[in-house]
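Hello,

Here is the structure I promised to pass on. Please have a look when you have a moment; my notes follow below it.

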Amino acid sequence: MSFLCAFYALGLRKKMIDSMKNLLFMMIVAVNTVALVGCSKDNPAPMPQSGFVVSKTLIESGEVVSFTNNSQNAIRYEWDFGNGQSATIQNPTMQYNQPGSYVVSLSAFNEDNQAQVSTIIVKVGERYLKSFTIKQISFLDQSGLAHDSDGSGPDIFFYAGKAYNPKEYYTFYFENLKPDDLPITLNMEQTNVKLSDEDWRFELYDLDPLNEALMVYWSFNPKQYSRNNKIEMSGLGYLIDLNYEIR
Ligand SMILES: [Ca+2]
């Protein structure tokens, strides 16, 4: 509750001033004639309007998001981040460490302790392998020969899998690749290839019937690399992006 109290010092009557005998007397009179003439409650406080924005609504585990409070008519806040944690500051941040969907709610309170609540869902997703974009390849094998015997260009596709099972998943393939075809993107045929936090192996194969062969491969833990929805794989004359999406 808020009370706006108005104090008015009643003016000393002239005749009292005229008759005052000393400074002390005047002060006593002045104090005694201060009167509380108005002390009433304000009109009811305006209803609070809860509102906020979040820096990202789809993140990966371990990421920190920041919340910007744009509530109106509020003097106090209660945040519930949906993960068992809460806060009362105006603009908090939160780190989410487990995949899932979290309902974040902000209760905004006005001076009369009335609250309004707003919510946003933050999803902590996982990386799914989507495709490979081939920007550059070596058109010769390590012996300096063309990958295919008839000179038609390699017929390529990717295998992907955990290091102990590297041929579990695969992309569509592209026939008779020529330099002018680059860059090209080979999509995964499977749609739910979740990139786990362990070593994976990604193999580029040539399917030419007379010379079916591994062209190049990379082995690494894809969770250890950038959050930019792609991982650059390079070396030996190859330049290839592994593309993933968060969902
Ligand atoms: Ca060919």
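**Notes on strand β15 and its partners**

In strand β16, Phe220 is the bridge partner of Trp200. Before going further, please keep in mind that this is a predicted model.

That bridge belongs to a longer pairing: β15 and β16 (residues 213-220) run antiparallel and are joined by 7 bridges. β15 also pairs with strand β12 (residues 156-162), again in the antiparallel sense, over 7 bridges. Two contacts help to place this second pairing on your screen. Lys162 has Trp200 of β15 as its bridge partner, and Ala160 stands opposite Phe202 in β15. Trp200 is thus a handy residue to start from, with Phe220 as its partner in β16 and Lys162 as a partner too.

Is β15 enclosed by the rest of the structure or open? Strand β15 spans residues 200-206, and 5 of its 7 residues are buried, so the strand is largely enclosed by the rest of the structure. Buried here means that 20 or more other C-beta atoms lie within 10 Å of a residue's own.

Moving on to β12, what does it pair with besides β15? Strand β13 (residues 169-170) runs antiparallel to β12, and 2 bridges join them. Tyr159 has Tyr170 in β13 as its bridge partner. The connection between β12 and β13 is a hairpin through 6 residues.

Happy to talk it over whenever suits you.

Best wishes

How values were computed. Residues numbered from 1 in each chain as written. Predicted model: local features only at pLDDT ≥ 70, side-chain atom pairs only at ≥ 80, totals over all residues. Buried ≥ 20, exposed ≤ 12 C-beta atoms within 10 Å, placed from the backbone. Helix = DSSP H or I, 4+ residues; strand = E, 2+ residues; numbered from the N terminus. Pairing = 2+ DSSP bridges.
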